[in-house]
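Here are a few exercises to work through with the structure open beside you. Try each task on your own, then follow the solution step by step.

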Amino acid sequence: MRLPPLNAIRAFEAVCRHGSILKAAEELNVVRGAVRQQIATLEGHFGRNLFLRDGRRLVPTAEASAFAVACSAAFDILQRAACELEGVVPDRIRLGVPSAFAVWWLMPRVADMQAHLGDTAVDIVPMSVVEPLNMHPELDAVIMGGEYRPAAGVTAVRFMEDEFGPVATPALAATLSEDPAAMGRLAMLASRSVPKLWDEWFAESGTPPVAFSRHQEFEDLLLALGAARSGLGIAVAPRASIEDDLQRGQLVAPYGFIARPSGYSLCCRTPDAKRPGFAALSGWLCQSGSGKGSFSAPSSE
């Protein structure tokens with residue numbers, strides 16, 4: 001089959017990432033009409049519409065979305081291959097990290113990490129909403145928590161297991177009984193960045209859902225945990241994000257922690273996985289996360 005024009009694919013991939021013709025045009029440094037024309041060319045090539053409109057946002061169809069993922073991976077591979085051909089080997093890694101994990105686990109260890117990596121610098125980019133690497137061409141790697149299946153062209157190394165459970169200040173926890181239903185008297189603190197965390201804890205711990213008297217939602221987990229530290233209510237937290245609070249006695253887990261079905265993975269593009277900087281970062285994460293039963297399991301799809 002004849003391949004569609006490369007410029008049309010580039011415009012299509014940019015619109016899929018941004019959900020906007022305007023933002024795609026700004027990235028590609030062209031006018032909006034040029035992007036529209038390229039999308040029309042691609043739709044003519046395939047003989048079908050590639051987008052649906054959701055308000056002001058363009059949403060790719062299911063088939064187009066799968067094609068966009070493959071396009072993103074292909075462009076990443078081409079970009080890195082071009083760098084290798086030119087002899088340009090990046091000595092800096094832009095690493096996307098969940099905000100709470102960055103602040104409470106990674107940053108206290110960042111000096112040790114940098115010493116281990118030598119001349120390779122790591123720019124830590126906090127992410128309130130963690131999204132897969134193929135949605136962020138500006139990043140070189142991301143740390144993903146929870147269940148994650150790497151996309152085409154991405155290698156994932158699981159470096160740490162984790163546990164999670166409800167946490168509150170010692171004063172609030174002292175008001176609770178052994179029955180988790182007692183949490184209903186407290187405010188349930190939740191995060192829009194991980195909206196299913198409470199549901200997952202109820203399901204995986206075998207605890208019947210609790211009817212809370214009050215609910216309060218925050219933009220990301222970092223803010224929800226800050227509210228828990230202030231005594232505003234009770235939140236579900238991954239243990240890795242609050243280990244220091246537990247050791248200092250600022251937070252306690254009145255009903256303990258349960259193991260999560262998956263932990264944390266370092267995800268990078270497959271061509272980068274064997275480069276010295278990425279290999280050093282992966283090795284350091286596996287070593288530093290070993291206290292939680294980590295293991296290295298590179299995989300790509």
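**Exercise 1: Two helices that meet**

In this predicted model, Ile21, Leu22, Ala24 and Ala25 of helix 2 meet Arg32, Val35 and Arg36 of helix 3. Find how the residues of this contact divide into nonpolar, polar and charged, and work out how helix 2 is oriented relative to helix 3.

Solution.
- Step 1: Sort the residues of the contact between helix 2 and helix 3: five are nonpolar, none is polar and two are charged.
- Step 2: Look at the axes of helix 2 (residues 21-28) and helix 3 (residues 32-46), which come within 8 Å and cross at roughly 105°.
- Step 3: Angles of 65 to 115 degrees count as roughly perpendicular, so helix 2 is roughly perpendicular to helix 3.

**Exercise 2: A sheet and its helices**

In what order do the five strands of the open sheet lie, and which are the edge strands?

Solution.
- Step 1: Trace the open sheet: its five strands follow the order 9-8-10-7-11, with mixed pairing.
- Step 2: Go to the edges, where strand 9 (214-218) and strand 11 (258-259) each pair on one side only.
- Step 3: Check one pair: strand 7 and strand 11 run antiparallel and are joined by two bridges. Here Phe164 stands opposite Ile258 in strand 11.
- Step 4: Add helix 8, which packs on the sheet and touches strand 7, strand 8, strand 10 and strand 11. The direction of helix 8 makes about 110° with that of strand 7.
- Step 5: Add helix 10 (residues 239-248), which also packs on the sheet, touching strand 7 and strand 10. Its buried residues are Ala240, Ser241, Ile242, Glu243 and Asp245.
- Step 6: Step past the end of helix 10 to Gly249, whose phi is positive, near 80°.

**Exercise 3: Inside the largest nonpolar core**

Which residues touch the most other members of the largest nonpolar core, and which helix gives the largest share of this core?

Solution.
- Step 1: Among the 33 residues of this core, Met183, Trp198, Trp201, Phe212 and Ile234 touch the most other members.
- Step 2: Strand 7 (163-167), strand 8 (187-191), helix 8 (197-205), helix 9 (221-229) and strand 10 (234-238) each supply at least two of its residues.
- Step 3: Helix 9 gives the largest share, five residues.
- Step 4: Zoom in on Ile234: leaving aside neighbours within four places in sequence, its contacts include Met183, Trp198 and Phe212.

Notes:
Residues numbered from 1 in each chain as written. Predicted model: local features only at pLDDT ≥ 70, side-chain atom pairs only at ≥ 80, totals over all residues. Heavy atoms only, no water. Core = buried A, V, L, I, M, F, W, Y, C linked by side-chain atoms within 4.5 Å. Buried < 20%, exposed > 50% of the residue type's maximum accessible area, 1.4 Å probe, protein only. Helix = DSSP H or I, 4+ residues; strand = E, 2+ residues; numbered from the N terminus. Contact = heavy atoms within 4.5 Å. Axes fitted to C-alpha atoms, helices over the stretch in contact; angles between N-to-C directions. Parallel < 35°, antiparallel > 145°, perpendicular 65-115°, else oblique. Nonpolar A, V, L, I, M, F, W, Y, C, P; charged D, E, K, R; others polar. Pairing = 2+ DSSP bridges.
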